[in-house]
2 protein chains.
Amino acid sequence: MRPEKIGIIGSGLIGRAWAMLFASAGYRVVLYDILPEQVSTALEEIEKELHALEAKSALRGTYSVAQQLSFISGTVELSELVSNAIYLQECIPERIEWKRKLYTDLAAIVGAETIIGSSTSTYMPSLFSEQMTSHRENVLVAHPLNPPYYIPLVEIVPSPWTKPEFVTRTRDLMLEIGQKPVTLTREIEGFITNRIQYAILNEVWRLVADGVVSVADVDRVMTEGLGLRYALLGPLETAHLNADGVADYFQRFGGEVYAVSQTYGPTPKWWQVRRYRRLQPNVRKWCRESS
Amino acid sequence: MRPEKIGIIGSGLIGRAWAMLFASAGYRVVLYDILPEQVSTALEEIEKELHALEAKSALRGTYSVAQQLSFISGTVELSELVSNAIYLQECIPERIEWKRKLYTDLAAIVGAETIIGSSTSTYMPSLFSEQMTSHRENVLVAHPLNPPYYIPLVEIVPSPWTKPEFVTRTRDLMLEIGQKPVTLTREIEGFITNRIQYAILNEVWRLVADGVVSVADVDRVMTEGLGLRYALLGPLETAHLNADGVADYFQRFGGEVYAVSQTYGPTPKWWQVRRYRRLQPNVRKWCRESS
């Protein structure tokens, strides 16, 4: 086991996955939640999960299940969790008032060198760190994709006041545990993943709502087509290889890309339209058939 | 070998891939191009390719290399190609005037029951079939993704005058050769794949041009994150599983999806901006490093 201590705040699915990821790299991990039952249940779940991973040869790292388990302990004392931790991974529910309260509490007890990374997919780091009276330069977003044990991407997003050194240190830490970090130079709504996901979702919705394609077929465009490519090649590398370099690609196809883009309809107002209710049975049927 | 004959028009990479796909399912395939050297070179390339596929256990179908090769022949006579073919797959370069000329020629010689599917990724089927004096109901788009031997998706796109039965028949044919067709109910610019690809590309470009993220990191968002998910789950199934069904997803996250979508910048005017030139060395460096 390494001497450095990692604290995990929140014992749900994401918190447990982070605990397992850090333990797989040999870190001493302490898992925090409010109730003792939450913590004990989480530790039991982790034990089951690690054995299941071993059984299917999917256990990460070079340590045995017993070793990895021995690296992980639990607590219901936030101050105990924070003490001497080099890094805290926050995984509490996506409620901004809960996050602001937590980060305000953390400000009073966290060390000057302890980085606090939030797993949030929703809130820019400034939104829950701006009110902190100290150490707000320690806060950033380290957003995993679900399930983090299998999907290596982590988006690292600094607030305007995050100390750049803490960004670098978090990136190195993520690489060390086998994840694949990407770093944003500044915070932006939706970070990168959700900006891309929502651009896809808006167009998928318009095509289905306009009757151009069925629910099952539009999903197949990804699972039988674009997804297979994007699992290997990013959008810019794809463009680069589709022509004599990326500049040539945009020279040759840029007009076409723009022209097609001009035909997108308006952004769907998801909360207004009731049409997505009609989508529900079709998607449910499709999910049943595809699984 | 099956008795039905398939004609392939154009002996480039895509034409050769289609020839191999149809031969793998036992169809009699005739490959057409303008010059005898093009045809003979293509047949030699196919032979090499089939042996290479066999060597890495990636050969499709139940027939041997020798059998599959024996199913494929070549011609430089369009009328010979067309005669008695149940299906023609057109794979000529993406130049609209060439396509219109070819389809005009085909109108005079094609049988009433011969379907003509175009591999085009660029042109809606009405654009090259409207001028045909007969048989324009036989024409549709059957757009593969590159490389078609590995990526099963085929987009089937009818023009306003395509006979619905020919759409169904093409879909069945694609399933028969092991591809995964999706059917559009009507033609639309960019079909589905390019509409989705361009929505991604526009946002990727804005994020890189605005300095939010590097070329390598934005590509990693797909290859280490979203792509791994989309290779297994489509966007609607993902939304469905992210909440208590897709209706619940949009009820809960719809406001957020819309709010983030409102922050997209304007569509990049690719052919105007010179900024993509600055992208070129970065992408080239990235492609070198990642390969």
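**Local environments, chain fold and two-fold relation in a predicted model**

In this predicted model, B:Thr104 is partly exposed, its relative accessible area being 38%, a value that lies between the 20% under which a residue is called buried and the 50% over which it is called exposed. B:Thr104 belongs to helix α5 of chain B, which is made up of residues 96-109. When neighbours within four places in sequence are left aside, the residues in contact with B:Thr104 are B:Gln131 and B:Met132. The contact with B:Gln131 includes a polar contact between the two side chains, at 3.1 Å. In the same part of the sequence, B:Ser134 is 30 residues from B:Thr104 along the chain, and the two C-alpha atoms are 8.7 Å apart.

A residue of the other chain, A:Ala58, was examined in a comparable way. A:Ala58 is situated in the loop of chain A that runs between α2 (36-55) and α3 (65-71). With a relative accessibility of 23%, A:Ala58 is classed as partly exposed, because the limit for a buried residue is under 20%. Once residues up to four places away in sequence are excluded, A:Ala58 touches A:Leu53 and A:Tyr149. A:Ile200, by contrast, is 142 residues from A:Ala58 in sequence, and in space the C-alpha atoms of this pair are separated by 31 Å.

At the level of the whole chain, chain A contains twelve helices and eight strands, and its C-alpha trace extends over about 55 × 45 × 45 Å along the principal axes. Chain A has 291 residues, of which 56% count as buried. Among the contacts in chain A with a sequence separation of 6 or more, 68% are made by residues that are 24 or more positions apart.

Chain A is divided into two domains, with domain 1 comprising residues 5-183 and domain 2 comprising residues 193-290. The centres of these two domains of chain A, taken over C-alpha atoms, are 32 Å apart. According to the unreviewed UniProt entry, residues 5-184 of chain A carry the annotation "domain: 3-hydroxyacyl-CoA dehydrogenase NAD binding". In the model, this span of residues 5-184 is 42% helix and 22% strand, and the C-alpha atoms at its two ends are 26 Å from each other.

The cysteines were considered next. What is the number of disulfides over all chains? The count comes to zero, the criterion being a pair of cysteine sulfur atoms within 2.5 Å. A:Cys91 is buried, having a relative accessible area of 12%, and B:Cys91 likewise counts as buried, at 13% relative accessibility; both assignments follow because these values fall under the 20% limit.

Finally, the arrangement of the two chains was described by superposition. A turn of 180 degrees, with a shift of 0.0 Å along the axis, lays chain B on chain A with an RMSD of 0.0 Å. This relation is therefore that of a two-fold axis. Within chain B, the C-alpha nearest the axis belongs to B:Gly227, at a distance of 2.6 Å from it. The same surface serves both copies, since 100% of the contact residues of chain B recur in chain A.

Conventions:
Residues are numbered from 1 along each chain as its sequence is written. Chains are lettered from A and ligands numbered from 1 in the order in which they are written. This is a predicted model: local features need pLDDT of at least 70, side-chain atom pairs count only at pLDDT 80 or more; totals for chains, interfaces and linings use all residues. Side-chain values use heavy atoms; hydrogens and water are left out. Domain bounds come from an automatic or database domain assignment. Copies are superposed by least squares on the C-alpha atoms of residues with pLDDT of at least 70 in both. Contact means heavy atoms within 4.5 Å. Helices (H or I, at least four residues) and strands (E, at least two) are DSSP runs, numbered from the N terminus. Buried means under 20% relative accessible area, exposed over 50%, partly exposed in between (1.4 Å probe, protein chains only). A polar contact is a pair of N or O atoms within 3.5 Å; within protein, one must be able to donate a hydrogen and the other to accept it, and residues adjacent in sequence count only if both atoms are side-chain atoms. UniProt positions are given in the numbering used here, feature names are shortened, and annotations may be inferred rather than shown by experiment.
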